[in-house]
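Here's a quick briefing to read alongside the coordinates. Have the viewer open and follow along.

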Amino acid sequence: MEKVILETRNINKYFHDPVTNQVLNDISFSIRQKEFISVVGKSGCGKSTLLYILSTMDTDYEGELFLDGQSMKGRTDAELSKIRNEKIGFVFQFHYLLPEFSVLENVMIPGLKLAKYSKEEIEHHAMQRLNSMGIGHLAFKQAYRISGGEKQRVSIARALINNPLIIMGDEPTGNLDHKNSDIVFDIFRQLASETGQSLLVVTHDPDFATKTDRIIEMDDGRIKR
Amino acid sequence: MQFLLILNICKTLLLARLRQSVIAATGVTFGIAMFITLVSFMTGLNKLLDGLILNRTPHIRLYNEIKPMENQPVNLSKEYADHINIIRSVKPKDRPLQIYNSLAIIKALKTDSRVLGVAPKVTAQVFFNIGETDLNGVINGIDVQAEKKLFAFNDYVIKGNSHDLLTVANSIILGKGAAEKMLAKIGDVVQATSAKGERLPLKVVGIFQQGIADIDNVNSYASILTVQKLLGESNNYLTDIQVKLKDMNLAPQLAHQYQKIFRVDALDIQTANAQFQTGTNVRNIITYAVSITLLVVAGFGIYNILNMMIYEKMDSIAILKATGFSGRDVKWIFILISLIIGITGGILGLMFGYILSSIISYIPFETAALPAIKTYPVNFNILYYFIGILFALATTYIAGFFPAQKASEVDPVEIIRGK
């Protein structure tokens, strides 16, 4: 069996505004290395909320979250930032590139932040990533000048720059046409099998979900399946 | 590395919104330039106004005052010590104005390390005789060299040459007002009579103007020897010893000391000209108040622009946080943006301030009251430039701090899910 990358134990989450409302109810599951998991469920079932808790950006929950064997409870903002930088790659529904920077810079910034490699090496890695996704020719364009599908590939390249343990996606194909969705899916599939990263993708797209290794179906704050 | 990365992000953010950045920096530039110009010009004027009186005033003046004895004999007697002694109609003793042992005092003062220079003086009340009428006047017998060096005497001699007082026997430099009344020109001879009736013809070698009518109407200058001759006194007769100190602030304390040691009256400049000090202080306060107001306004400009920038950049802040930048990193990005605006704006402000104050210093400013001044006075003091750049940094730091704090508290989940 592969190693466990991420594990949750009895996670509960409440929204208090306007009335207290439990959005996550006793969520316990784990993700192993190389697993490609999709999370599906109706709107408002709590799947995105769960994803942001797993990403360490949302710290307001009960229960425990382990990432790479370490508990995420009671850590400072700076520590969590470092963990996000090093171990988690994030792909959003909207592409969220920094419009002031070039495509290449966008991919490089998390790598420069981690500062594990020299700037030249990071630039080399970034170019490799872009080339492997067939968008190397866009490297020096401004980030806001490229198409939606291209942006999503750039943000995947950015998520990968620090070789994270796990890549999380919040509807990464939700805003793309069929052709681009397929491209993104193929990239994810390739990552899981070749570089051994785990993938956790929240999606509405049943076609996308059926192609993944495991589907977690959520309903009303619980894991149904 | 991390700092360079953050700096690089700042640079890109600033350049992406170049026009906004320039406007923010212009606000600082304007504030600092105005501060420098205002402070330089105001303190220049202040110095000029103070100089009007203070240049010509000794820091300590030693003299003998005509006054009744403080201790009448009856007060000194032991026999009546426990009595209440009332003495009416006390008159001052006929005590000469001469300072006793003046040469020894001067010698002692010159060896004092706190003293910059000493200038002896003899003053004499005279009448200038013009035909039928007599004109009241004061002739100051001065040590021309010392007076030039310590009290800028030459700046106030508008016609003729002060050196002639030494070379021409029985010569006089008349006050402008007095000269006009007597219709005296250089080369003319005027008649002066001392209080004791001695009469001496004096040759006019120059005209003096201090810019204060009361002084210029009455005061004239001659060499010490000439005045001693007019008074019929010996050459150790001096009525005033003027002392200029290295540090003017020591004057009250030293005046007190000299009074005790030399047994003469001593008047310090602070006591003699209290109103000028007050005026200077008030003008300085006004200058700083106006400058700080300008800088605060510039600071609000930066605050607004940074606030706007942060609202525009919410998405970018969320991305940075999602990809591993901590709240502290984000805060530093915005504080650095603010400081970069402050430094560039501030340095440009110093340059414009220097240029503006230089222009002012070339504008002609001629007034009869100030013969030595030809253009507006500007005080180029490096200290103001330091204060200026410090102000620029401090205001921009504070203006940037609060928006930066807000940016650091942005919850990325809220932004990302809010779409």
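The notes below go through one chain, the chain contact, a helix pair and two backbone oddities.

Keep in mind that this is a predicted model. Chain A has seven helices and ten strands, and it meets chain B through a contact that takes 24 residues from chain A and 21 residues from chain B.

**Chain A overall**
- The radius of gyration of chain A is 17 Å, close to the 17 Å that the globule rule gives for 225 residues, so chain A is as compact as a globular protein of that length.
- Along the principal axes, the C-alpha atoms of chain A fill a box of roughly 50 × 45 × 40 Å.
- Buried residues make up 48% of the 225 in chain A.
- Take the contacts in chain A between residues at least 6 apart in sequence: 73% of them join residues at least 24 apart.

**Where chain B touches chain A**
- The contact draws 21 residues from chain B and 24 residues from chain A.
- On the chain B side, the elements giving two or more residues are helix H1 (2-16), helix H13 (314-322), helix H14 (327-362) and helix H16 (412-418).
- H1(B) supplies the largest share of that side, with five residues.
- Sorted by class, the side of chain B that touches chain A has ten nonpolar, seven polar and four charged residues.

**H1(B) against H14(B)**
- These two helices pack with their axes 9 Å apart, at an angle of about 60°.
- Angles of 65 to 115 degrees would count as roughly perpendicular and those under 35 as roughly parallel, so H1(B) and H14(B) are oblique to each other.
- The crossing of H1(B) past H14(B) is right-handed.
- From H1(B) come B:Ile6, B:Leu7, B:Ile9, B:Cys10, B:Leu13 and B:Leu14, and they meet B:Asp329, B:Trp332, B:Ile333, B:Leu336, B:Ile337 and B:Ile340 of H14(B).
- That helix contact has eleven nonpolar residues, no polar ones and one charged residue.

**Positive phi without glycine**
- A:Asp26 isn't a glycine, yet its phi is positive, at about 55°.
- You'll find A:Asp26 in strand E2 (residues 21-32) of chain A.
- A:Asp26 has 15 other C-beta atoms within 10 Å, so A:Asp26 is partly exposed.
- B:Ala152 isn't a glycine either, and has a positive phi of about 50°.
- B:Ala152 sits in the loop between helix H5 (144-151) and strand E4 (157-160) of chain B.
- B:Ala152 counts as partly exposed because it has 13 C-beta neighbours inside 10 Å.

Definitions and conventions: Residues are numbered from 1 along each chain as its sequence is written. Chains are lettered from A and ligands numbered from 1 in the order in which they are written. This is a predicted model: local features need pLDDT of at least 70, side-chain atom pairs count only at pLDDT 80 or more; totals for chains, interfaces and linings use all residues. Two residues are in contact if their C-beta atoms, placed from the backbone, lie within 7 Å. Helices (H or I, at least four residues) and strands (E, at least two) are DSSP runs, numbered from the N terminus. Ala, Val, Leu, Ile, Met, Phe, Trp, Tyr, Cys and Pro count as nonpolar, Asp, Glu, Lys and Arg as charged, and the others, Gly among them, as polar. A residue is buried if 20 or more other C-beta atoms lie within 10 Å of its own, exposed if 12 or fewer, and partly exposed in between; C-beta atoms are placed from the backbone. The radius of gyration is taken over C-alpha atoms; the globule rule is 2.2 Å times the number of residues to the power 0.38. Axes are lines fitted to C-alpha atoms, for helices over the stretch in contact, and angles run from 0 to 180 degrees between N-to-C directions. Angles under 35 degrees count as roughly parallel, over 145 as roughly antiparallel, 65 to 115 as roughly perpendicular and the rest as oblique. A crossing is left-handed if the near helix is turned anticlockwise from the far one by less than a right angle, and right-handed if clockwise.
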